[in-house]
Amino acid sequence: MYIPLVDLQVQYEVIRREIDEAIREVLERSEFILGRIVERFEQDFAAYCGVQHAVGVSNGTDAIMLALRASGIGLGDEVITAANTFIATTEAISMTGARVRLVDVEPRTLTMDPAALARAINPATRAVIPVHLYGQPAAMDEILGIAQRHGLLVIEDAAQAHGAEHRGRRAGAMGHAATFSFYPGKNLGAYGDAGAVTTNDRKVADQVALLRNHGRREKYLHDVEGYNCRLDSLQAAILGVKLRHLEAWTTQRLGVAARYAERLAAIPDVTLPFAPAWVRHVYHLFVVQVPRRDDVLRALKARGVQCGVHYPVPLHLQPAYASLGYPRGAFPHSEAAANRILSLPMYAELTDEQMEYIVAALDASLQETRR
């Protein structure tokens with residue numbers, strides 16, 4: 001049996017008619033960049049997140065950069081984020097001219113350790129980017145409290161957390177601003193690159209909208225130098241359709257995660273993902289930890305089960321960030337997890353038959369690699 005990490009084809013078959021109609025509307029309007037369809041999605045996504053404003057942009061990386069720029073972050077500032085995130089988070093910080101500072105994560109949730117954050121703050125620190133990794137919100141009560149005491153901005157990286165909640169508050173509604181990616185494989189994914197910034201601060205929303213479109217409010221009149229970071233109407237139309245299904249898909253994902261946890265609990269050497277009772281983990285990825293991970297990964301692939309590793313090399317050990325000067329061992333929890341994490345296939349349409357095969361394949365692969 002062959003099982004992909006994510007199956008976008010099966011999702012499309014369920015919503016084919018709605019998607020095709022949405023694309024046809026864009027083609028008939030011939031309104032391809034920004035416009036009414038983008039505005040409609042922005043309003044719907046803001047309402048979904050429980051915020052006043054959502055601004056559609058070109059991708060999740062640009063969303064972070066624009067949120068920082070719109071919040072006044074730039075040259076000479078320092079922004080703290082977690083060492084185990086995807087490089088897009090830190091690329092966006094560098095794009096503003098600010099300096100990246102990394103901290104370790106909590107060993108069970110693999111999200112930013114508030115105690116590590118508190119120790120890392122210095123006079124240059126201006127903002128914090130907690131990453132809601134794998135679909136699980138970071139410890140936002142503690143992070144927001146620390147930020148408030150030090151006068152820091154909090155920009156949520158919610159690229160993997162569409163619909164996630166922390167004590168009843170949606171990801172995207174807790175910080176000064178938040179950023180989303182709609183990369184195709186996300187829980188809410190476009191059919192190309194797309195992203196958004198959410199906020200309750202009208203000034204930030206207006207500034208993001210200005211910066212994403214060459215710094216202009218009307219054609220050929222530019223208030224500032226900006227960027228070409230616009231959300232196109234085709235992606236907005238597709239996202240608008242998918243947004244209507246997101247809660248149902250999330251419920252299905254939670255069911256898949258619960259069945260995974262039940263079946264995997266009996267397998268030795270498998271550490272299940274941990275989610276505190278006060279969060280709604282939306283399982284963009286279902287990440288277990290296993291010994292001899294690379295060997296297990298190869299054995300699973302040989303059995304037709306396509307898994308992933310998110311992410312195998314922490315940022316402080318990437319060649320791109322050698323100049324930051326962090327030695328190996330600087331962030332032990334991030335490093336330990338990077339050697340053990342394994343993302344199993346996860347999508348709303350995953351069947352019980354497929355899941356049984358995945359669990360059996362993982363068990364067999366672990367046994368094989370013990371020899």
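I started with what covers the buried residues of α11, and the cover includes α8 (233–264), α9 (293–302) and β14 (341–344). Helices (H or I, at least four residues) and strands (E, at least two) are DSSP runs, numbered from the N terminus. This is a predicted model, where local features need pLDDT of at least 70, side-chain atom pairs count only at pLDDT 80 or more, and totals for chains, interfaces and linings use all residues. Residues are numbered from 1 along each chain as its sequence is written, and side-chain values use heavy atoms, leaving out hydrogens and water.

Next I listed the buried residues of α11 (under 20% relative accessible area, 1.4 Å probe, protein chains only; exposed is over 50%, partly exposed in between). They are Q354, M355, I358, V359, A361, L362, S365, L366 and T369. Down the axis of α11 they fall within an arc of 165 degrees (directions from the helix axis to the C-beta atoms), so they line one face of the helix.

Then I looked up salt bridges (a side-chain nitrogen of Lys or Arg within 4 Å of a carboxyl oxygen of Asp or Glu). I found 21 in the structure.

R263 pairs with E356, with their closest N and O atoms 2.8 Å apart. That joins helix α8 to helix α11, across 93 residues. R263 is partly exposed at 23% relative accessibility, and E356 is partly exposed at 41%.

R370 and D269 form another salt bridge, at 3.0 Å between the closest N and O atoms. R370 sits in α11 and D269 in the loop between α8 and β12 (279–280), so this pair ties together parts 101 residues apart in sequence.

Last, I noted a salt-bridge network linking E165, R170, E247 and R280.

Conventions:
Contact means heavy atoms within 4.5 Å.
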